[in-house]
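User: Hi! I am new to reading protein structures, and I would like a close look at one part of this model, the place where charged side chains meet. Could you walk me through that part and then show me how the rest fits around it?

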Amino acid sequence: MSVHSAAVSPVVAVPMDFAALVEGVGRAVDLAGVVMIALGALAATVRFGLDARRRPHFHDAYRAYRQGLGRAILLGLEFLVAGDIIRTVAVAPTFAGVGVLALIVLIRTFLSFSLEVELDNRLPWRPGPAPGARPAADGGTPPGERRPGPR
């Protein structure tokens with residue numbers, strides 16, 4: 001008996017179209033942004049449900065909820081902008097495509113800026129408390145910070 005071995009053809013790599021690859025990466029980054037927003041909203045909502053029962057003042061739990069939700073939206077917006085940039089600029093950008101991208105980035109940047117101002121309760125260029133600084137227990141000025149006064 002002779003043993004016949006079937007001829008095995010080598011695996012031939014099919015070149016992937018660059019535009020399709022970039023489009024896929026852009027969609028994956030968009031999906032990551034949507035997932036970040038959805039999971040962040042879910043986590044913030046669960047945390048709010050638990051905090052609303054534990055905190056003595058409902059307003060404190062609500063404020064923490066809005067901050068958690070805002071942070072999730074900010075993170076998701078960053079991913080969505082990245083996905084738009086990848087898809088628009090990486091493959092043969094057109095004037096119209098770049099114009100639409102600029103408008104999308106402008107709108108999302110404004111949303112991000114607005115959310116950041118609302119979350120931090122101050123403009124980004126205004127100095128805030130030092131990282132880890134806590135307000136004084138008596139409600140006075142924390143150590144190392146100057147009390148505002150007349151100029």
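Analyst: Here is a walk through the charged part, followed by the surroundings.

Let's begin with how to read the model. It is predicted, so local features need a pLDDT of at least 70, side-chain atom pairs count only at pLDDT 80 or more, and totals for chains, interfaces and linings use all residues. Residues are numbered from 1 along each chain as its sequence is written, and side-chain values use heavy atoms, with hydrogens and water left out.

The chain has three helices and zero strands, and along the sequence the pattern reads α-α-α. Helices (H or I, at least four residues) and strands (E, at least two) are DSSP runs, numbered from the N terminus.

Now to your charged part. Side chains of opposite charge can pair when their charged atoms come close. A salt bridge here is a side-chain nitrogen of Lys or Arg within 4 Å of a carboxyl oxygen of Asp or Glu. The structure holds six salt bridges.

A good place to stop is Asp 84, which sits in helix H2. Is Asp 84 buried or exposed? At 9% relative accessibility, Asp 84 counts as buried. Buried means under 20% relative accessible area, exposed means over 50%, and partly exposed lies in between (1.4 Å probe, protein chains only).

Asp 84 forms a salt bridge with Arg 108, with the closest N and O atoms 2.5 Å apart. This pair links distant parts of the chain, since Asp 84 belongs to helix H2 (residues 58-89) and Arg 108 to helix H3 (residues 95-120), 24 residues apart. Salt bridges that share partners join Asp 84 and Arg 108 with Glu 23, Arg 27, Asp 30 and Arg 87 into one network.

What does Asp 84 touch, not counting residues up to four places away in sequence? The list is Asp 30, Leu 101, Ile 104 and Arg 108, where a contact means heavy atoms within 4.5 Å. Asp 84 and Arg 27 are 57 residues apart in sequence, yet their C-alpha atoms are 8.6 Å apart in space.

Let's follow the network to Arg 27. The side chains of Arg 27 and Glu 23 meet in a salt bridge of 3.0 Å, N to O. Because Arg 27 and Glu 23 are four residues apart in helix H1, about one helical turn separates them. Arg 27 counts as exposed at 55% relative accessibility, whereas Glu 23 counts as partly exposed at 29%.

Another salt bridge in helix H1 joins Arg 54 and Asp 51, whose closest N and O atoms are 4.0 Å apart. Arg 54 and Asp 51 are three residues apart in helix H1, so about one helical turn separates them. Arg 54 is exposed, with a relative accessible area of 62%, while Asp 51 is buried at 10%.

Charges are one kind of pairing, and rings are another. A pair of aromatic rings is described by the distance of the centres and the angle of the planes. Rings of Phe, Tyr and Trp (its six-membered ring) pair if their centres lie within 6.5 Å; planes under 30 degrees apart count as stacked, over 60 as edge-to-face and the rest as tilted. The structure holds two aromatic pairs. Phe 48 and Phe 58 form an edge-to-face pair, 5.6 Å centre to centre with 75 degrees between the planes. Phe 48 lies in helix H1 and Phe 58 in helix H2, 10 residues apart, and the pair links distant parts of the chain. Phe 48 is buried, with a relative accessible area of 18%, but Phe 58 is exposed at 52%. Together with Tyr 65, Phe 48 and Phe 58 form one aromatic cluster.

To finish, step back to the whole chain. Of its 151 residues, 17% count as buried. Residues 24 or more positions apart account for 65% of the contacts with a separation of 6 or more.

How far does the predictor trust all this? The pLDDT is the predictor's confidence in each residue, from 0 to 100. The chain averages 77, and 73% of the residues score at least 70. Confidence is lowest in H3, at a mean of 83, and highest in H1, at 92. Over residues 135-145 the pLDDT is below 50, and beyond near neighbours in sequence this stretch has nine contacts in the model.
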